[in-house]
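Open the model in your viewer and keep the selection panel at hand. The tour goes from a pair of residues out to a strand, a chain and a contact between chains.

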Amino acid sequence: MSVPDGVQESRAAWRLGIITPRRKKIFFGLLVAAGLVLPHLVYPVFLMNVLCMALFASAFNLLLGYTGLLSFGHAAFLGTAGYVTGYLLKAWGLPVELGVLAGTAVATLLGWAIGALAIRRSGIYFAMITLGFAQMIYFLAVQLPFTGGEDGLQGIPQGKALGFIPLHDPYALYYFVFAVFALGFGVIYRTIHSPFGHVLRSIRENEPRALSLGYDVARYKLVAFVISAGLAGLAGSTKALVLQFVTLTDVHWHKSGEVVLMTLLGGMGTVMGPSVGALLVVAMENYLTGFGDWVTVIIGSVFVAGVLAFRRGIVGEALHLVRNFPF
Amino acid sequence: MKRVASSLMMAALLSLPAAGRAAGKVSDGVVKIGVLTDMTGFYSDLSGPGSVLAVKMAVHDFGGKVLGKPIEVIAADHQNKADIASTIARKWFDEDKVDAIMDLPNSGTAFAVMPVAAEKKKLTILSTAATTSITGDKCTAYNIHYTYNNWMLANGTGREVVKSGGDTWFFITADYVFGKSLEEDTANVVKAAGGKVLGYARHPQSSADFSSYLLQAQASGAKVIGMANAGGDTINTIKQAKEFGITPKQTLAGLLVFISDIHSLGLETAKGMYLTTSFYWDYDDQTRAWSKKFQNHPDNAKKAMPTMTQAGLYSATMHYLQAIKAVGTDQAEPVIAKMKATPVNDFFARHGVIGPDGLHRHDAFLVQVKSPAESKYPWDYYKIIKKIPAAEAFPSVAAQKCPLVK
Amino acid sequence: MQALFGQLLVGLINGSFYALLSLGLSIIFGLVNVVNFAHGAMYMTGAFFAWIGLSSLGIGYWPTLLLSPLAVGLLGVVVERTMLRRLYQLDNLYGLLFTFGLTLIVEGLFHHQYGNSGNSFPVPEALQGGSNLGFMYLPRYRAWVVLVSLAVCFASWFFIERTKLGAYLRAGTENPRLLQAFGVNVPLMMTLTFGFGVALAGFAGVMAAPIYQVTPSMGSGLIIVVFAVVVIGGMGSILGSIVTGIGLGLVEGLTKYLYPQAAATVVFAIMAVVLLIRPAGLFGREK
C-alpha cells in the first residue's frame with residue numbers, strides 16, 4: 001500500500017525525532033492528568049462512553065492499522081462480552097471484577113474460534129467472513145431468551161469495586177473505567193511496540209516476505225486477532241457496567257461499521273488516532289441530536305470527506321503537519 | 001480571611017431556602033420538558049417531529065408560563081438506540097435541568113430511561129412505547145404511560161373481531177419481544193372469546209418480502225390474519241396480502257397500525273382492515289378542531305393529521321402543566337400524585353384516569369378502514385365500529401401486578 | 001408439498017431480485033474494482049425516482065422503467081467522475097468506505113424530504129391480477145419480475161462475455177495500460193461501466209417499487225444480503241452472481257418454510273462455510 005496514511009506518518013515522526021521518549025513521557029503524563037481532572041469539567045457519563053468506545057476502536061486498530069486486517073464483525077465481541085457480563089452480574093450476582101473478567105474471557109474465546117477460521121483468508125474475503133460470523137452472533141442475541149431481545153438486558157447492577165468502592169457514584173465509576181481503559185490501552189501499546197508488534201507490521205507491509213523470513217504468519221495473525229477481540233470484549237463489558245444495559249445495537253453490524261469510521265477518522269495505524277476518532281463520533285452522536293434527521297447526512301459527509309481528502313486521519317494529518325513544519 | 005469566607009458561606013447557605021421560596025417553587029426557575037423521540041427511523045412519522053410539535057403546541061396554548069416561570073421544550077433524536085437514549089436522559093436531568101421526559105418510542109429506550117428518571121426523581125411520560133409491562137412488573141413511581149399499550153391493542157381488536165365472526169386466526173409476527181408479546185396477548189384474547197388460533201409465522205424484523213408468510217397464512221385457511229408487527233413490516237404485509245389475492249377472502253387485523261401507515265398505504269390497499277386506536281381525528285367537533293389546528297400548523301411540514309401518540313402527547317403535556325399549576329411546584333412527587341388524582345377529560349381522553357401503576361386508562365375505539373368509495377374527503381379513513389369503555393380497553397390495576405401497588 | 005412448491009416459487013422471485021442486484025455489484029467490482037456499498041442506496045433511488053416521476057410529473061410505469069435507471073446511471077457517472085475515480089489507485093478498502101459514507105448521505109437526504117413510512121407505487125394496469133397455479137396464486141406482476149430479471153441478467157452476461165466491447169472491458173481490468181496503448185479510452189470505459197452497474201440497481205428499484213413500499217431504508221436491509229450473494233458467487237464473476245442470486249433465493253424460501261426466524265441469517269452461514277471451503281467463492285478464480 002503506497003497510501004499516505006497514519007502508519008507512515010507516525011513512523012516518520014519517530015525517525016525525524018519529533019516523537020522522542022522524553023516527549024512521549026510528558027505527553028502521556030499530561031494525558032493521564034487530563035483523564036483524572038476531566039470528569040469534574042465534562043459530563044462523566046459522556047466521558048465513560050468515550051473511554052469505552054476509545055478502547056474498542058484501539059483494539060480494532062491493532063488489527064486494521066497494525067496487521068492490515070479489516071474485520072467487519074467486531075461488534076460481535078463488544079456485544080457478546082457485554083451480554084455475558086450483564087447476565088452474570090444480574091442473575092448470578094458475581095462481583096464486578098469477575099463479571100468483567102468473564103465477559104472479556106468469553107470474547108477472547110470467541111475471537112479465537114472466529115479468528116482461527118477467518119485468518120485463512122485475507123482482504124475483502126476476511127472482512128466478509130467476520131461479517132458472516134457476526135451476523136450469526138446477532139441472530140443468537142435476537143433468539144436467546146436471556147438477552148431480552150430488542151428490549152435489551154436491562155437493570156445491570158453496578159455493585160462495588162474491590163468490595164468497597166460503590167460504583168453507582170458517577171465519579172467512582174469514572175475512575176474505575178479510566179483504570180480499565182488505561183490497562184487495555186497499555187496492553188495495546190506494549191503489543192505494538194514489542195518485537196511481536198514489529199512482526200505484525202512487517203506482515204502488513206509484505207506478507208510473502210514475512211513468510212519467507214520464517215515467521216509463522218498465520219499464528220501471528222491469530223494472536224493479534226485474539227488480543228483485539230479480547231480487548232473489544234473488555235470494552236463491551238465495561239460499557240455494560242457504565243450504562244447498566246446491553247441492547248441489540250451493540251451486536252449490530254452498524255456498530256462494526258462505526259468502529260471503522262472511528263479508526264479511519266482518527267487515523268488508522270496511529271496510537272492515539274482511534275481514541276480521537278471515538279471521541280469525535282460519540283460527541284457527534286450525542287451533541288448533534290438537535291439537528292434531527294440531518295445527523296445521518298452530516299456523518300456521511302464526514303466519512304466521504306475523510307476518505308477523499310484526509311486519509312491520514314486527524315492524528316495522521318497532525319503528525320504530517322508537524323513533520324513539514326519548518327522548525 | 002478564613003473567617004470572612006466561612007461567614008460568607010454561612011450567609012449564602014442561610015439565604016438559599018429563602019431565595020428558593022421567593023422565586024416560587026419551580027426548580028431552576030424554569031419548567032423544562034424534554035421530548036426524546038425517534039426523528040429519523042422506524043417511528044419517525046408516527047411520533048418524531050410531530051410529537052415535538054404536539055408538546056410545543058400544548059405549551060403555547062397553556063400560555064408559555066406556569067407559576068410565573070417560563071416553560072421550555074427541548075427535543076432530541078435517540079435513533080432508537082438505548083445507550084444514546086439513556087446518555088441523553090442523564091445529561092438532560094443533570095445538566096440541562098429537564099423536569100420531564102416525554103414520548104420514548106420503542107420499549108428498549110423506554111426501559112433504559114425509566115430507571116434513570118426514577119433515580120433522579122424526575123418524570124417520564126411515555127406515549128409511543130407500547131409494552132404492557134411498562135406499568136406492570138417493570139413499573140416505576142415516576143412514570144406515566146399515557147396513550148395506549150399492547151394489551152389495549154390486543155384486546156380491542158382480538159375480542160371484537162372474534163365477536164363479529166372472525167373466529168379462526170393466523171398470526172404473522174415480527175420475531176422480537178414486542179411482536180411475540182403482542183401475538184401472545186392477542187391469542188389469549190381470541191381463545192377467551194371462543195376463537196381458535198390455527199398457527200403463526202415469525203419473520204425477522206424489517207423483512208421486505210412477506211409472500212412466504214402470507215402463503216402459509218393462506219394455506220391455514222384462517223378467517224383472520226393478525227399482524228403482530230409494526231411500521232414498514234405491517235405496511236408491506238398489507239400490500240402484499242392484496243397482491244396475492246388474500247385480502248378479500250381473509251380479513252387482516254392490524255395490531256399496531258397508525259393513521260400515518262394507512263395514509264402511506266392508500267385506502268385501496270388497506271380497506272376493510274380492523275384496528276384499535278385511542279384517538280381518531282374525525283371523531284367529534286373537539287377532535288376535529290384540535291387536529292385541524294395541528295395539521296395546518298406551519299411547523300407541520302407534511303401537513304399530516306396527528307397520530308394517536310401525537311394527540312396523546314398534547315393532552316399529557318396539558319395535564320402535566322395543570323398539575324404543576326394546581327400544586328404550586330414542579331417537584332415530581334406531588335405533581336405525579338396530582339396527575340393521578342385528577343381525571344382527564346379533553347379532546348383526546350374520555351373517562352381518563354391515571355392508575356396508581358401509572359397507566360392512563362381511557363376510552364378506545366375499534367375502527368375499520370374505509371374503502372375509497374366510502375371516503376369523502378382527505379384523511380377520511382376510519383369507520384368507528386365500537387367505542388370501547390376505559391374499563392374494558394385497558395387491564396385492571398390488579399391484573400397489571402405493578403410491585404408499587406400493594 | 002403444495003406449500004413447499006409455493007415457497008420455492010416465492011424464493012425464485014426473490015432470487016431474481018438478488019441476481020439483478022448482485023449482477024450490478026459484481027460488474028462494478030470485477031471491472032472497476034470498487035466494492036460498491038452504495039448499491040442498496042442506488043436501488044432505493046431508482047424506486048424513488050419512479051415514484052417521484054409518477055406523483056409529480058405523471059410519468060407512468062413503462063417510461064419510468066427506462067428513465068429512472070438512466071437517471072440513476074447518470075448520478076453514478078457524476079459520482080464516479082467527480083469523486084470515486086480518485087480512489088482507484090488505492091486499496092479497495094477506501095472505495096468501500098467512500099460508498100458507505102455516500103449511502104448515509106443519500107438515505108439521509110431522501111429521509112429528510114420524504115419521511116420514513118414511505119409511499120405506494122401502484123402495479124401497472126396491464127400486469128394486475130394473477131393466475132391460480134393450483135399450488136399457489138401467482139400475481140402476474142411477480143411473474144413479470146422473474147422473466148425480465150432473467151432476461152436482463154442474461155443479456156448483460158452475453159454482452160460482457162461474448163461481445164467485442166465486453167472483451168475490451170475485461171481486458172481493461174487485466175491490463176489497462178496496454179489497452180490504453182491500443183487507443184481505447186479506458187477512463188471513459190470505467191465511468192460508463194460504473195454508470196451501467198449502478199443503473200442496474202436503479203432498474204431493480206423500479207421493478208421493486210410496485211411490490212414493496214418505497215422507503216428511504218429499503219436498500220439498507222438488502223445490501224448486506226446482496227454482498228453475501230456476490231461473495232458466495234465469487235466476487236467479479238458475472239455468471240456466479242446470477243446463479244448464486246437465484247440459488248440463494250431458493251434456499252431462503254426453503255428456510256422460510258422450515259425455520260422462518262433464521263431466514264435473514266442463513267445466507268451468512270452459507271457465506272462463511274463457502275468461503276472456508278472455496279476461498280474465491282463458488283464461481284470465482286483465485287488470483
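Select B:Gly226 and B:Ala253 first: B:Gly226 stands opposite B:Ala253, which belongs to β10(B). This is a predicted model, and its scores are ipTM 0.84 and pTM 0.84.

**The strand and its neighbours**

Extend the selection to β10(B), residues 251-254 of chain B, and to β9(B); the two strands run parallel and are joined by four bridges. Next add strand β7 of chain B, residues 168-174, which also runs parallel to β9(B) and is joined to it by five bridges. On that side, the residue to pick is B:Phe170, which stands opposite B:Ile225 of β9(B).

Now isolate β9(B), residues 224-228. How many of its five residues are buried? Five are, and the strand is mostly covered. Show the side chains and look along the strand. B:Val224, B:Gly226 and B:Ala228 point one way, while B:Ile225 and B:Met227 point the other way. Burial holds for both sets. Thus B:Gly226, met above opposite B:Ala253, and B:Ile225, the partner of B:Phe170, point in opposite ways from β9(B).

**The crossover**

Add helix α8 of chain B, residues 231-243, to the two strands β9(B) and β10(B). Together the three elements make a β-α-β unit, and the unit is right-handed.

**Chain B as a whole**

Zoom out and select chain B. A cartoon view should show 15 helices and 15 strands. The radius of gyration is 23 Å, close to the 22 Å that the globule rule gives for 406 residues, so chain B is as compact as a globular protein of that length. The C-alpha trace spans about 90 × 40 × 35 Å along its principal axes. Colour by burial, and 62% of the 406 residues of chain B count as buried. Turn on contacts in chain B between residues at least 6 apart in sequence: 72% of these join residues at least 24 apart.

**Where chains A and C touch**

Move to chains A and C. The contact takes 32 residues from chain A and 33 residues from chain C. On the side of chain A that touches chain C, select α6 (123-143), α11 (253-266) and α13 (294-309), each of which supplies at least two residues. Coloured by residue class, that side of chain A divides into 21 nonpolar, seven polar and four charged residues.

Finish by colouring chain C by pLDDT: the mean is 88, and 99% of the residues of chain C reach 70 or more.

Technical notes:
Residues numbered from 1 in each chain as written. Chains lettered and ligands numbered in written order. Predicted model: local features only at pLDDT ≥ 70, side-chain atom pairs only at ≥ 80, totals over all residues. Contact = placed C-beta atoms within 7 Å. Nonpolar A, V, L, I, M, F, W, Y, C, P; charged D, E, K, R; others polar. Buried ≥ 20, exposed ≤ 12 C-beta atoms within 10 Å, placed from the backbone. Pairing = 2+ DSSP bridges. Right-handed = clockwise from strand over helix to strand, strands pointing away. pLDDT = per-residue confidence, 0-100. Rg over C-alpha atoms; globule rule 2.2 N^0.38 Å.
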